[in-house]
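The following paragraphs lead the reader through helix packing, nonpolar cores and one strand residue. Please keep the sequence and the model in view while reading.

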Amino acid sequence: MRLEIHLIQSFPPANLNRDENGMPKSTIFGGRPRARISSQCQKRAARKYYHQYAELDPAHFADRSRNWIPELKSKLVKAGIPDEQAELVARLALKEGLKLKFNDKNEATTIVFLGKTELDAIAEILIKNWSAIESSLREEKPKLPQKDPNIAKAIEKALVDTGKPGDVALFGRMMASLPTVNVDAAVQVAHAISINALQQEFDFFTAVDDLGSSEDTGADHMGETGYNSSTYYRFAVLDKEQLVENLGGTEHLGSIIKAFATAFIHAVPSGHQNGFAAHTRPALVMVVVREGQPISLVDAFENPVAPSGGFSLLENAVKALDEYWGSLIKMYGEADVQYKGVVALDRLAARLNVLKSSKKDSVEELLNGALKALGVANNGKGA
C-alpha cells in the first residue's frame, strides 16, 4: 500500500535549485520549457525540515557526510579511550568495517549516509571489544582484530541486522564499497516541474561601499542572478511495506510517515533565499492511498497553464487537475484507491468538481485520514 502526495505550489521570483551555471534548473515537458526543482533538492529540504520541527526521537535522524571520524572518535573518548587511540580506531572501524577510503584530511573519499543509532552501534562494538582491539594496535601495522572477534564483520552485521533509523528507512542508502548495507528507499520524489511555461529572468545588482568617499559614485561590485516565478506540480510516493521492512517493525511507523508527509508539504529549498525570501505553502494538497502502482498526475499539465477566462493561473491549475483525475478514473476506474482527499485554498476549492466530495477542511484532517487508510494509528503504532 502506498501513500501519494500531490501538491500545487507557487513561488515568486526565486532561484531555489540552480544548475552548474547558477541558473534555476529547467526541463522540457509537453514540448515547452518548464522550471524544475530536482528530487534531491526537495528530499534534502524535507529531511532538514523534520530534523528541526518534527516531534521525532532524534535517534531516527541521519546525516550525509564524509567527516565521520570525529563523530565516532568523540563517542570513544567519552567512554574513556585515550584521544590518539580513539582517532586511530575510529578510522580503522570505518575503513575496515564500512570499506571506506580516506584522504590526507581524514575525510572519506565518498559521502556516507549514517544514522545516529548506527554510529552508536559501531561505537558500542568497539567499546565492548576494547581489550582485544587495544592489543592489536601494538602491531607494526595497526588493524582491527579479524577473529575472536572479527570487528569488521561485527560492524557490518550490526548495520545489516538492526532496524534502520527513520531517515535511512525513508530515503534509502547506496554504498558501493559495502553493498550488504544498502537500503531500498521507501520514498520516491519526482522532479517538480512548473505547470506554466518557463520564462527565465535576470536580476542585475550592484554593491556600494558604505564607507567609501562621497566623491565615489560608482558601484564597487556588479553581478547578475538568474531567477523565475513559477507554479509547480510536486509529487512524492511512500511505500508503507518497504518502510516497515526498513524500520524492522511498526513501532514508530505512524509518526515517521506523518513527519515525512508534513515535511514534504511544508519544506522549501534554501537556494538563494537570502536574496529572494521565496517562502510559500502549497495552494492545493491532495493525498491518495492506493494499492498497487502509484500514479503521477503530471499529465494534467501537459499543456502549460495560464490565466484565462477570468480565472487565475492557480484556479485554472486546480480545474486542470480535477478534470484529469476525472478522465483517469473514467478510463481505469479507482478500485485500487483506498482513500483520497484534497485541501485547497477557499477560492481554489470552488474549481473542484470530480474531487469536490473528497474535500477536507485542513491538512491535519487530510493526513489523519490517510494514516487510518494505511492501517496506522495516529499514536505512531501500527494498527
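A crossing of two helices is called right-handed if the near helix is turned clockwise from the far one by less than a right angle, and left-handed if it is turned anticlockwise. In this predicted model, H9 passes H13 in a right-handed crossing. Helix H9 spans residues 253-266 and helix H13 spans residues 363-373; their axes come within 11 Å and cross at roughly 140°. That angle makes H9 oblique to H13, because angles count as roughly antiparallel when over 145 degrees.

The contact between these two helices can be followed residue by residue. From H9, Gly254, Ile257, Lys258, Ala261, Thr262 and Ile265 take part, and they meet Val363, Glu364, Leu367, Asn368 and Leu371 of H13. Sorted by class, the contact of H9 with H13 comprises six nonpolar, three polar and two charged residues.

Helix H9 also leads into the nonpolar interior. The largest nonpolar core has 45 residues, and those with the most contacts inside it are Leu3, Leu170, Leu243, Ile257 and Phe260. H9 supplies the largest share of this core, nine residues. Leu3 touches Ile257 as well as Ala236, Val237 and Leu238, residues up to four places away in sequence being left out of the count. On the same basis, the contacts of Leu3 also include Val287, Val288, Val289, Ala370 and Leu374. Apart from the largest core lies another, of 34 residues, with Val89, Ala108, Leu126 and Trp130 among them.

Val89 also appears in a second helix pair. Helix H2 (residues 69-78) and helix H3 (residues 83-97) pack at an angle of about 130°, and their axes are 8 Å apart. H2 and H3 are therefore oblique to each other, and their crossing is right-handed. On the H2 side, Ile69, Leu72, Lys73, Leu76 and Val77 meet Asp83, Ala86, Glu87, Val89, Ala90, Arg91, Ala93 and Leu94 of H3. The residues of this contact divide into nine nonpolar, no polar and four charged.

The last stop is a single residue in a strand. Leu114 is found in strand S5, residues 112-115. With a relative accessibility of 1%, Leu114 counts as buried, because buried means under 20%. Which residues are in contact with Leu114, leaving aside its neighbours within four places in sequence? They are Ala62, Asp63, Trp68, Leu98, Leu119 and Arg173. Leu114 and Asp167 are 53 residues apart in sequence, and their C-alpha atoms are 8.9 Å apart in space.

Definitions and conventions: Residues are numbered from 1 along each chain as its sequence is written. This is a predicted model: local features need pLDDT of at least 70, side-chain atom pairs count only at pLDDT 80 or more; totals for chains, interfaces and linings use all residues. Side-chain values use heavy atoms; hydrogens and water are left out. Axes are lines fitted to C-alpha atoms, for helices over the stretch in contact, and angles run from 0 to 180 degrees between N-to-C directions. Helices (H or I, at least four residues) and strands (E, at least two) are DSSP runs, numbered from the N terminus. Angles under 35 degrees count as roughly parallel, over 145 as roughly antiparallel, 65 to 115 as roughly perpendicular and the rest as oblique. Contact means heavy atoms within 4.5 Å. Ala, Val, Leu, Ile, Met, Phe, Trp, Tyr, Cys and Pro count as nonpolar, Asp, Glu, Lys and Arg as charged, and the others, Gly among them, as polar. A nonpolar core is a set of buried Ala, Val, Leu, Ile, Met, Phe, Trp, Tyr and Cys residues joined through side-chain atoms within 4.5 Å. Buried means under 20% relative accessible area, exposed over 50%, partly exposed in between (1.4 Å probe, protein chains only).
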